[in-house]
Amino acid sequence: MYNRKIRGPLVEGNKTLSQISKEILNPMETTPGLWWYIAFGISLIAALFGFYAIYITVSKGIGTWGVNNSVGWGWEIVNFVWWIGIGHAGTAFSIFLLILRQKWRTSINRAAEAMTVIAVMSAALFPALHMGRVWLAFYIFPYPNTRGPLWVNFNSPLFWDFIAITAYLLISISFWYLGMLPDFATIRDRTTSKIKKAIYGFFGMGWTGSSLHWIRYESLSFILGGIAAVLVVSVHSIVSTDFAVGIIPGWHTTLFPPYFVVGAIFSGFAMVMTLMVIVRKIYKLTEYVTDNHMDAIARILVFISLIMGTAYSTEVFIAWYSGNEYEMFTFFRNRITGEYTIQFWGMIICNALVPQLFWIKKVRRSWIGLLLVSLIINLGMWFERFNIVITSLSKDYLPSNWVSYNPTYIEVGVYAGTLGLFAAGVLLFFRYIPIMAISEVKSVVNIGDKKED
Amino acid sequence: MKKSSSRRDFLKLFGFTISSAAIAASCKRPVQNAIPYVIQPPEITPGKSLFYSTSYFDGHEYSSILVKTRDGRPIKIEGNALSLFNKEGTTARVQASVLSLYDDARLKYPTIDNIQASWTSVDDQIIKKLSEINSEAGEIVLLSSTIISPTTIKLINEFGARFNKFRWVQYDAFSYSAILEANLQCFGKSVIPDYHFNNAGFLVSLNADFLGTWISPVHFIPKYTSGRKPENREKGMLRHVHFESGMTLTGSNADKRIKIRPSEEKQILIELYNRIEAGINGSEFTGISGRVNLSELADNLIASRGKSIVVSGTNNVEIQIIVNGINFLLGNYTDCIDLNRHINIAAGIDNKIEELVNDLDSGKVNALLMYNINPLYDYPASDKFLSGLGKAGLTVNMSCSLNETVGKAKYECPVNHYLESWNDAEIIPGQLSLGQPCINPLFDTRSFQDSLLKWSGNMVSWHDYLMANWEKEYFTGSGFSVFSKFWDTSLGKGVFDYNIAEKKTLSINSELLSRIINSSDSVKTDGFEVVIYESVSLGTGMHVNNPWLMELPDPVSRHCWDNVAAISPSDAERLNIITGQLIKIGDNLVLPAFIQPGQAEGTLSVALGYGHTNSGPVGNNIGLNVYPFIEFKGGTRNYGFVTDTLENTNKQSELALTQVHNSMEGRPIVRETVLSKYRNNPSSGNELHEEYESKHRTLYPEVNYDGFHWGLSIDLNACVGCNSCVIACQAENNIPVVGKEEVRKRRIMHWIKIDRYYSDTPDDPKVYFQPLTCQHCDNAPCENVCPVSATNHSSEGLNQMSYNRCIGTKYCINNCPYKVRRFNWFRYTNNKAFDFNTVSDLGKMVLNPDVTVRERGVVEKCSFCVQRIQEKKLQAKLENRTLKDFEIKTACMQACPSGAIVFGNLKDKESKVSQLFENPRSYHLLEELHTLPSVGYLTKVWNDEEIES
């Protein structure tokens, strides 16, 4: 089992249980600093810009974007896949570590899951918006209807996508909410405000902390975790089939499902890291999210980075090995060289090379290093999606159809809007939901202690 | 009292709520009245199309056509198969002419001094003024476009005979004056000959874009392509050598294209003449040899003596005389060039118009009547014309649509659109056609002939006059017993042919010829020679307000909505110019540069027809007008000028390009071979097809079609790239025009486009055209990715789109390897931002009621004209018979002048399309993807061979 002598305590500073409750709930129980209002204001402005862009898109048409006859999908799908990828982290983080009984997840999983839910909601915005007739989006629901009845096309990856994302979002929310039950009850019990008592009491669902509650809580966690574990793998595999099922060079590849899942976990973990570096700094929670925690995430990232590098080289190798002139063109003359070199080499540098810095302990232990590398990975993952979606479409089979693609400010606006929404969501999360699972943290305070003698 | 509500209260409340909700919900919907006929015309069945034959002639281009009308509205133009002149073919401009009928910029009522007036007052004043001028022995001049209507000519002569001094001058914006004069001087006949390219074995053309704009492409394209069929072993395949400066459609199709500067042409022709003369006489050529090696060419021409053609499109009398000399020397006037059955496309003599403008300027002309011309735009010295116009006592302008000349004359007497008028035409002696109105005049307009009749005090209507003339001139000898029967038959058929006297043997004015042969001009070697040409889309520019034509990309450069200065790649590199950069040519012509592969070094090409200032919202302020740069030299207008300076302004403008990549990148997209290899192996160049067919494997059961499997075959050797199909498709399928900005964003909506590729070097490229439309794949990648099954496969092999179902994910667009699907990025109907022809009620009259107008946000694409398939299937079913081959024709197939496109049932092994699919030249585009397209292409065959004697 876990030996804190060797691997350090999971929670530092010899905390008492009431101290833990107090410290974790501190952000909720005190008025936030000026930084919170400034950050929230900026995210709201970005979100408003996004809403304006959405308004223009819906009222005027997709023509306000930079997409065209050849490149039918632009930034919106790049961003969709990017957000979905980020949305992988939370659940993957909790579930896999839960199943693997890695106790160090306890202080991070709450924030990671919150991030997942907000990111997936941001992601879900794009497939809706990119429809020419978003008001008929309900055609994609498979239900008996009066239109024939007309059924959806069960062969279409977009339909699979819809099902996968909806399922994933529902499970993520349930899992997240379930984890919060004991904490809501704690807040209910601690707060003096009647309104808060009523609200958190409602969400606490009458949790009393009885053994029966705990037994059911644990078993439900495992059941949901088991389902979610499958979904984590399936959702991004299915997103990848949007491309893999396509006939376009650069899309049509069997490598995509694993490559996408690993890539998604990569970007998700990077985003968790970005967030945790900031949270522990601002809320002075370094004793809960210890340097060892960050170190562990960094180690996972460097490992995944190697997988990504392998995947990239496999793709290029197969393009050459297949001898298919269209594939060869896409990889060698439209990515490695050609119009989209910045995106391709950006991807390689950000995802495969820069994370190698995590081999160095100094970098793993420096918050600046962690922040920078995690941001670079997220940029790199955006480049990766750009590479896949746009370079493939811009120059495919018939050279007469080759075009370039440039986004308009409306498309950039929608993206900025989702970033704003994400930031605003995370900031609200800090204020109204305990940023760590108090009960679970308490359970690991003394872990490994008994082995001392 | 109990305070609970009874069942009665509930029912009261319930009733009140329901009824108020019903009242509140029944908002008033817009009322649209369908007004029935009071007396239903017997020939009209709502929902059924009627076809009327008529003649298109705008002063520049002619076609005998059928007009499809629906509920009294003309909606589509189709070629008249009974016409000997153009068969079923049409050009893009003729196809688009139906939209000009519904142009808001048409003139709607007569005006006096630009104030609306009644026809009576206009007529009274004009008649009074005319008689005043006549009594003072003043000169009355009628300045018109070329008129080919024999009855109108008779009427004009009658009209003129009433006055003491009357002059009728015909004026062409694009002049063929030199050919007319050369033939007059050489043979005593001021005519444009007909060229029988199908009879020739060897063709040398110089600066004559006869497949794009010159004389009558719709007449020449079928002759040219039928002469170039590689299957025709006995006759051999026409070999075509073309000399030109700019890259034209004709040059792109030639087997061999030689770049020259315009100033070199005369020397080349003189050398060629001398070489041929020496060759025929068996003597050694001793003259001066130019830059271009002509000995082989001369040998080839001599070898195919009597079966060759030399043509030049240069408007220079001396050049045309030498061309006549060469053809005469080779004996081509027997079979290949016909002076007897000549083409009456143009009659304007440049000298005469110069003379008239000088007379106008000196005040010698007292009355000027103008009909169907726009000299203030297209006459080079338009300022001089305008000042002369002010000096005439009576000025009358008769025009159909708004243009620069409208409003400059005192009286504006708007004429009917040709689809509202009676007319006749004699394009070739003995080949008459009639024009009949297909709709009542939409506005308060009157035909030109009715005006002339009125002003000459003749009370008969033009219709009666026309009938009377036909009865007098053509009825006798027609074989009909009653005139009404003759008239009805001719009107129904649209054409009437009669025999003309056979030709006599020709003799050439040899003294004139030898004088010109022995003259010499200097060849310019420095500076830039600018070639001014007609563009395939807009021609002379008279239809510039037609949005379909404005958005029709040039077949070679593939740009629209602008005119550009085409510059050769090497010049551009030398002067550091890139495409789109504004360059200053000479002192005051600033145009965006366009690097045109194949452009001759030291030359620039600029298209006519742009730069209008008063043509209506579409045509105004697009590009620049280059007519003012045309020089009058040597008795003719010279379509070009010379400049020593070319300056790069370093300003950039973005062109509306519809294709930005020009190379096939070595992919087997257009498969080609040469005639010698074809003769040995008909599938040469198409070896891949057999390989892919032999590897054809599938895990899934192959689709089996029961009755029909529609297919389309496109012969890349016959397709010349004329763009006619593009506009025909646009008219048939209600395809919106999107405007310059959207074309720049690569969002043009055309369902069929003609891809153009270059190979070899940019300096001397080979050019390929490939019409590309939906391939209707049996294994369509677009179908399985649509989440809502909006695109699916019909039981007849059609890849069909249900617009109602489409939610616009664009996944199908992405997954189509041919990228033929189009998306409605905006609402293109009733949207002020796209005010072309789908906003005003007038413009929308052109819409085809059989085809849905698509909403914003849905995907659309070629449907194989499914509405035509259904119509004919239904007809066959009602008549209890099977469909005949060629009964269903898609719009593109019908419009194609070269017959390159063939549509039909692949299940019927006897059908033409099935046979073409079996042709060893047939292949599918990207067949290695196993999409199983229903469109087949036939390989391009170049004629590399020297002519066999």
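**Exercise 1.** In this predicted model, determine which residues of strand β41 (residues 935-938) of chain B point one way and which the other way, and state whether they are buried or exposed.

*Solution.* Begin with the directions: Val935(B) and Tyr937(B) point one way from β41(B), while Gly936(B) and Leu938(B) point the other way. For the second part, a residue is classed as buried if 20 or more other C-beta atoms lie within 10 Å of its own, and by this criterion all of these residues of β41(B) are buried.

**Exercise 2.** Establish the partners of β41(B) and the order of the strands in the sheet of chain B.

*Solution.* Take the partners in turn. Strand β32 (residues 710-715) of chain B pairs with β41(B) in the parallel sense over four bridges, and in β41(B) Leu938(B) stands opposite Asp715(B). Strand β40 (residues 922-923) of chain B pairs with β41(B) in the antiparallel sense over two bridges, with Leu938(B) as the bridge partner of Ser922(B). The resulting open sheet has four strands in the order β39-β32-β41-β40 (chain B), and its pairing is mixed. Because β39 (901-905) and β40 of chain B each have a single partner strand, they stand at the edges, and one side of each is left without a neighbour in the sheet.

**Exercise 3.** Describe the side of chain A that touches chain B, by elements and by residue class.

*Solution.* The contact involves 40 residues of chain A and 43 residues of chain B. On the chain A side, the elements that give two or more residues are α7 (157-190) and α12 (325-336) of chain A, and α7(A) gives the most, with three residues. Sorted by class, this side of chain A has 22 nonpolar, 14 polar and four charged residues.

How values were computed:
Residues are numbered from 1 along each chain as its sequence is written. Chains are lettered from A and ligands numbered from 1 in the order in which they are written. This is a predicted model: local features need pLDDT of at least 70, side-chain atom pairs count only at pLDDT 80 or more; totals for chains, interfaces and linings use all residues. A residue is buried if 20 or more other C-beta atoms lie within 10 Å of its own, exposed if 12 or fewer, and partly exposed in between; C-beta atoms are placed from the backbone. Two strands pair if DSSP finds at least two bridges between them. Two residues are in contact if their C-beta atoms, placed from the backbone, lie within 7 Å. Ala, Val, Leu, Ile, Met, Phe, Trp, Tyr, Cys and Pro count as nonpolar, Asp, Glu, Lys and Arg as charged, and the others, Gly among them, as polar.
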